[in-house]
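These are my notebook entries on a structure that I had not examined before. I set down what I looked up, entry by entry.

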There are 2 protein chains.
Amino acid sequence: LPLFTLALAQAGEFGFVLLSFAVQHGDMPEDTAERLLLVVALSMLLTPLLFIAYDKLLAPRASRDGLKREADVIAEENPIIILGHGRVGQLVDNLLLSCGYHTTVIDYDVETVEGLSRFGVKSYFGDASQPALLEAAGIAKAKLLIIAIDQREQAVAITEHVRRAHPNLPIIARAYDRIHVYELYNAGASAIIRETFDAAIRTGRTALEVLGMDAEKAQEISEFYYHRDRHATQQMAEAYDPNLPRFGN
Amino acid sequence: LPLFTLALAQAGEFGFVLLSFAVQHGDMPEDTAERLLLVVALSMLLTPLLFIAYDKLLAPRASRDGLKREADVIAEENPIIILGHGRVGQLVDNLLLSCGYHTTVIDYDVETVEGLSRFGVKSYFGDASQPALLEAAGIAKAKLLIIAIDQREQAVAITEHVRRAHPNLPIIARAYDRIHVYELYNAGASAIIRETFDAAIRTGRTALEVLGMDAEKAQEISEFYYHRDRHATQQMAEAYDPNLPRFGN
């Protein structure tokens with residue numbers, strides 16, 4: 001897979017930080033670090049050129065093969081499986097790759113899969129609610145499943161299925177709102193992150209600063225708010241009754 | 001407005017924190033704080049009872065009056081105007097009220113406005129893309145506008161209009177994704193917060209911890225990642241060309 005090979009060069013600029021961490025914490029002598037910095041810098045220079053070459057020379061040949069596509073065949077098994085390559089999945093994938101982890105990403109939107117592949121970001125096209133696809137991706141041996149799709153019911157169904165088949169696999173799930181948290185919690189997700197919750201808190205914090213509050217105090221208050229709301233949501237998740245209407249819980 | 005009066009009691013539990021902050025920083029003698037704590041605790045006990053009483057006694061009488069509603073008449077002028085009372089607007093409003101600020105919230109979804117009003121959370125029904133509504137809400141004297149609606153084009157149009165009419169008003173805007181950031185930036189928003197960006201970073205950070213990374217290091221990395229991406233996005237916003245396609249920018 002040439003694209004995947006190219007993508008390995010991609011996280012280059014992140015290397016600067018890891019190296020400076022290592023030097024700061026005394027894990028690495030400075031001259032070794034300097035040599036590595038040079039390698040990182042060169043790889044960053046070369047990566048875009050490699051991508052251009054790939055686009056001009058290799059990609060056209062590959063895409064001639066099939067226009068209407070069935071689910072991709074997943075030929076690799078990585079310890080992290082990410083479902084959904086949208087706004088959340090893309091960033092999570094990039095962050096984990098930057099830290100040296102290996103991921104397999106599955107998305108059901110052809111345009112996203114093909115558009116991102118032109119940037120060397122690899123994902124597989126397929127419907128993650130099909131258990132067979134997850135098994136093919138090596139979920140039996142995986143260390144972590146991240147469900148980052150934006151379809152509420154599917155996220156719950158996948159969580160339920162995977163939890164039943166793999167009781168010890170950690171599952172991090174993206175939730176639409178509070179009610180969705182309760183559903184994912186009952187389905188067996190290990191960690192649940194509301195997709196707009198942190199942004200809302202950051203908005204509040206920014207507002208406090210605009211209104212003249214000291215930045216440190218605004219941060220303290222928004223962090224407290226985060227923990228309070230999270231605690232309350234967890235307690236609610238345990239007590240949630242799915243048979244009551246929207247404003248009944 | 002009896003509901004609004006009731007809502008004043010609501011932020012009670014937040015009082016605990018403010019009080020403990022005050023004592024910690026030596027702003028308040030401990031015995032005064034203890035007496036205030038008792039008041040806060042009592043008010044928290046009483047608030048739900050007051051709401052129940054409101055629901056049973058006052059609300060049915062009020063809602064008999066009109067079922068099909070036109071845009072509400074906004075009779076108050078508050079220094080903060082929040083557009084959108086969904087997942088983001090609700091939380092921002094609650095956080096700001098908790099800190100003692102006064103807000104006017106406008107939403108175009110009747111179910112949301114009425115559902116939340118049953119919990120004593122006041123908002124006005126209306127279409128915020130109508131300049132007249134914003135003027136009636138006192139935007140000329142406001143200190144801050146927060147656009148927390150989930151309609152991309154409307155958010156850009158409102159930002160453009162308000163920026164033209166009130167060049168010095170701070171505008172905090174909720175963005176759908178990176179492209180939307182560029183559009184809001186060009187429209188004149190003062191601060192822009194991507195609605196799933198922070199959640200994606202938190203997901204990555206949680207993943208790093210699940211995979212065995214030290215919590216402090218995971219936080220350091222995700223904070224670095226946040227600043228790097230934000231910086232890149234700001235640079236892109238300045239260079240953005242709206243005439244190029246999705247993957248062309």
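The entries below go from chain A as a whole to its strands, then to chain B and the relation of the two chains.

**Entry 1: chain A as a whole.** I noted at the outset that this is a predicted model. I looked up the secondary structure and found 10 helices and 6 strands in chain A. The chain has 249 residues, of which 45% are buried. I then turned to the contacts between residues at least 6 apart in sequence; in chain A, 62% of these join residues at least 24 apart. For the surface, I read an exposed area of about 13,000 Å² for chain A, with 56% of it supplied by carbon and sulfur atoms.

**Entry 2: strand β1 of chain A.** Are the two faces of this strand, residues 80–83, covered or not? I found both covered: A:I80 and A:I82 point to one side, A:I81 and A:L83 to the other, and all four are buried. A residue counts as buried here when its relative accessible area is under 20%.

**Entry 3: the neighbours of β1(A).** I looked for the strands that pair with β1(A). Strand β4 of chain A, residues 144–147, runs parallel to β1(A) and is joined to it by 4 bridges. Within that pairing, A:I81 has A:L145 as its bridge partner. Strand β2 of chain A, residues 103–107, is likewise parallel to β1(A), again over 4 bridges. Here A:L83 stands opposite A:I106. I also traced the connection: from β1(A) the chain passes through helix α4, residues 87–98, to β2(A), and this β-α-β crossover is right-handed.

**Entry 4: the sheet of chain B.** In which order do the 6 strands of the open sheet in chain B lie? I read the order as β3-β2-β1-β4-β5-β6, with parallel pairing. The edges of this sheet are β3 (124–125) and β6 (191–194), each of which pairs on one side only. Helix α4 of chain B, residues 87–98, packs on the sheet and touches β1, β2, β4 and β5. The direction of this helix makes about 160° with that of β1(B). I checked one pairing in detail: β1(B) and β2(B) are parallel over 4 bridges, and B:L83 is partnered by B:I106.

**Entry 5: the two chains together.** I superposed chain B on chain A and recorded an RMSD of 0.3 Å, after a turn of 179° and a shift of 0.1 Å along the axis. That is the relation of a two-fold axis. I noted last that the same surface serves both copies, as 100% of the contact residues of chain B recur in chain A.

Key:
Residues are numbered from 1 along each chain as its sequence is written. Chains are lettered from A and ligands numbered from 1 in the order in which they are written. This is a predicted model: local features need pLDDT of at least 70, side-chain atom pairs count only at pLDDT 80 or more; totals for chains, interfaces and linings use all residues. Side-chain values use heavy atoms; hydrogens and water are left out. Two strands pair if DSSP finds at least two bridges between them. Contact means heavy atoms within 4.5 Å. Axes are lines fitted to C-alpha atoms, for helices over the stretch in contact, and angles run from 0 to 180 degrees between N-to-C directions. Copies are superposed by least squares on the C-alpha atoms of residues with pLDDT of at least 70 in both. Buried means under 20% relative accessible area, exposed over 50%, partly exposed in between (1.4 Å probe, protein chains only). A crossover is right-handed if, with the strands pointing away from the viewer, the path from the first strand over the helix to the second runs clockwise. Accessible areas come from the Shrake-Rupley method with a 1.4 Å probe; for residues, only the protein chains shown count as cover.
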